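Open the model in your viewer and get your selection tool ready. We will take it one stop at a time.

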Amino acid sequence: MINDMLSYLGDAANWTGTAGIPARLGEHLWYSFLAVLAASIIAVPLGVFIGHTGVGKVILVSASNVLRALPSLGIMTLLVLLMGVGLLPPVIALVLIAVPPILAGVYAGVANVEPAVVDAARAIGMKDSRIILQVELPLALPLILGGLRGAILQVIATATIAAYVNLGGLGRYIFDGLALYDYGQVLVGAVLVTALALVLDGLLALLARVLSPDRRLVSR
Amino acid sequence: MITFESVSKSYPGGTRAVDELNLEIATGSFTVLVGPSGCGKTTSMRMINRMVTPSSGRVLIDGQDVSGIRAVTLRLGIGYVLQNAGLFPHRTVLDNVGTVQRLLGLNKAQARAKAYEALERVGLDASLALRYPAQLSGGQQQRVGVARALAADPPILLMDEPFSAVDPIVRLELQQEVQRLQAEIKKTIVMVTHDIDEALTLGDKIAVLAPGGVLQQYADPLSILTRPATNFVSSLVSKDRGFRALSFESLTGLSTTELPAPDTAGRIHLPTLGNGFSAEINHDAATVCWSDGVTVRSAPQPIIRPGDSLRTGLDAVLASPSSAALLADHDGNIGSYFTLADLQPLLSKATRVSS
C-alpha cells in the first residue's frame, strides 16, 4: 500500500494537469482560505463586541458548543440537497467549524486584557473605538492568532469533504481511492493533507512569534 | 475650582458609596481624599472626570456641570495617574507618555518631543524612552504614569493611590518628587490615599471620609491633627499625633549657643557637650560629622535651617551623638548650635497649642 502510494507520487503524470497534485493542493487551499476568511469576518467583530462589553458571554459559550457538535459532512450534504451542488455548501460547512475557535480566541484575548489598562485608556480620554483598536486588539493578538491557527488546521483537515460533493481538493484522492479500492491513492490524499496542515501550523507558529516578541509580555 | 454639590452615589442593592458630599476644591491646591477602603474616596474622585456618574447631585469644574461636557473631551483635559501606573504594555515609554497628545491630534514627532520633555520633568532618563513598561521598576513605571498624565499640561491632575504599590523608600522619593513638581507647575491636584501620613505630608487640604462615604472633616493638615472634628478623624490621626503636629511648628524663638572658632584642622571643639565632642562641617553637603575626641566619627548629620519645623529640629537633636544640632542662619552661615534644653520652651508651647 505504501509502495502504491510512493509509485503514485513518483509518477510525473500525477503532478500535472487539472487533476494533478499541485492543482488539487491549490483547490484545497482556496476552499480553506474562503472558509477562514468568511469565518473571520463573522467571528472577529462578534468576539470583540462580546469581549469588550461582556454582553452575551453565556450565548457565546452555548452557541460555540452547538457549532462544535455539528457533523460537517451531514451539514454539507443537507446544504447540497437544499441548494444544489456548488462551492457554497462545503464552504458553509467549513465556516461553521472555523467560527468557534476564532470567536473563542478573539473573545478570550479581548476579555483578558488587564482591566486597569482599559480603565487607564478610558480615563485619559480614549473613546471605545480607540480602546478596541489601539489597546485591546494589539494586546489580544497572541490569543487571536492562537484561535486562528486552530481554525485553519481544522478547516484544512475537514476541507477533504468538498470532494464528496464532486468538488476538487486533496479529498479527491481519498474519495476516488475509496471508490476504486485503491488504498495507495487514499494514502496519498491523507499524507498530503497531513503534510499541508503541519507546514501551515509551523508557519503560523512562526508568525505568532514574530508578532508578539518577549519584550511585550507583561511580567510583573 | 472643583465643586461637589450634595453628591451621592448608590449602587443597585442599596450600597451607598458616597453620601451627600459637599466639597470645594480651590484651583491650584493639592487636595487629598483620605479614608479606609469603602469610604467612597476613589468613587468621588472619579466623578470629576465622569468615570463615575453620581446618582444625585452635581460636580462642577469652574462652575460648569461636568455632565454637560462630552466625556472624552473632559478627560483629555484632566491628567489621571493610576495605582499600578496603568501603562500600555505594548507601547514604549515614549509612546505611552505621548498618548494624550496623539489623542489631541498632534503628529507622532510632535507627541514624542513633548513626551521627552515630560520624562525629563519627572526625573526619568531619556535612555529609558524606548523601553517597554515591563522592563522598568515599579517606581519608574509610576513616574512614567505621572509623565503621561502631565504631558499634555492639563490644569487638573487626579491621582488614585499613586504610591501604594511601591516600596517605602521609592514612595518617599516619589512623594518628594510630586511636591517639587507641584511647587513648579501649580496644578489643581486631587489625590486619593488610605495613608493618613501621606495625606498629611502632601495635602494643602485634606478631606477625611468614613465608610459609607460620609465626609468627616475637610481642613488643612494642622487642623486635622490638632482639632479632629469627629471621633473617626481622631482615631485616624491618633498614632504619633503629638510628634506629627510638631511638623507645623516653626523654630522661631529658639535660643542657641554660638559656635567657637574652628582649629587649624577645621574642627570645632565643644568641650561643654561632655565626652569632648568636636564637629566637622561639610559645607557643600550641609552636613556635620561628630567625633568624641579619640575614636568614633559619626555618620553625616543634617544641619538645621531657620525654615525647618520643630519636628525636624527635635529629630536632629535626638539623632545626634552629641545631643546637639547645628543651625545655619538665613544666609547659610553655620554659626550656632542648640540642644534638647533649648527646644524645651518651644515644645511646651506646642503642647499648649495642640491641647
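**Stop 1: chain A on its own**

Select chain A and switch to the cartoon view: this chain has nine helices and zero strands. Keep in mind that you are looking at a predicted model. If you trace chain A from start to end, the pattern reads α-α-α-α-α-α-α-α-α. Now turn chain A around: along its principal axes, the C-alpha trace spans about 65 × 40 × 25 Å.

**Stop 2: what the UniProt record marks on chain A**

Next, colour residues 29-204 of chain A. An unreviewed UniProt entry lists this stretch as "domain: ABC transmembrane type-1". In the model, the span is 82% helix and 0% strand, and its end C-alpha atoms lie 15 Å apart.

The UniProt annotation "transmembrane region", also from an unreviewed entry, covers residues 29-54, 66-85, 91-118, 139-165 and 185-211 of chain A. Give two of these spans their own colours. Residues 139-165 of chain A are 74% helix and 0% strand, with the end C-alpha atoms 42 Å apart. Residues 185-211 of chain A are 100% helix and 0% strand, and here the end C-alpha atoms lie 39 Å apart.

**Stop 3: a charged pair inside chain A**

Zoom in on Glu27(A) and Arg24(A) and show their side chains. Side chains of opposite charge can pair when their charged atoms come close. Glu27(A) and Arg24(A) form a salt bridge, with the closest N and O atoms 3.0 Å apart. How many residues apart are Glu27(A) and Arg24(A) in helix α2 of chain A? They are three residues apart in α2 (residues 21-53), so about one helical turn separates them. Over all chains, the count comes to 15 salt bridges.

**Stop 4: chain B**

Now select chain B. Its domain assignment gives domain 1 (2-239) and domain 2 (257-354), so colour each one separately. The C-alpha centres of domain 1 of chain B and domain 2 of chain B lie 39 Å apart.

For residues 2-236 of chain B, an unreviewed UniProt entry gives the label "domain: ABC transporter". This span is 37% helix and 25% strand, and its end C-alpha atoms lie 26 Å apart.

**Stop 5: where the two chains meet**

Show both chains together and select the residues in contact: 22 come from chain A and 23 from chain B. The size of an interface is often given as the accessible area lost when the parts come together. Chain A and chain B bury about 2,100 Å² between them, 65% of it on carbon and sulfur atoms.

Which residues form a salt bridge across the two chains? Select Arg46(B) and Asp119(A): they form a salt bridge, and their closest N and O atoms are 2.7 Å apart. The count between chain A and chain B is one salt bridge, along with three residue pairs in polar contact.

Finally, highlight α6 (115-123) and α7 (128-158) of chain A, the elements that give two or more residues to the side of chain A that touches chain B. The most comes from α6(A), with seven residues. Colour this side of chain A by residue class and you will find 12 nonpolar, three polar and seven charged residues.

Conventions. Residues are numbered from 1 along each chain as its sequence is written. Chains are lettered from A and ligands numbered from 1 in the order in which they are written. This is a predicted model: local features need pLDDT of at least 70, side-chain atom pairs count only at pLDDT 80 or more; totals for chains, interfaces and linings use all residues. Side-chain values use heavy atoms; hydrogens and water are left out. Contact means heavy atoms within 4.5 Å. Buried area is the accessible area (1.4 Å probe) that two parts lose on being put together, summed over both. A salt bridge is a side-chain nitrogen of Lys or Arg within 4 Å of a carboxyl oxygen of Asp or Glu. A polar contact is a pair of N or O atoms within 3.5 Å; within protein, one must be able to donate a hydrogen and the other to accept it, and residues adjacent in sequence count only if both atoms are side-chain atoms. Helices (H or I, at least four residues) and strands (E, at least two) are DSSP runs, numbered from the N terminus. Ala, Val, Leu, Ile, Met, Phe, Trp, Tyr, Cys and Pro count as nonpolar, Asp, Glu, Lys and Arg as charged, and the others, Gly among them, as polar. Domain bounds come from an automatic or database domain assignment. UniProt positions are given in the numbering used here, feature names are shortened, and annotations may be inferred rather than shown by experiment.
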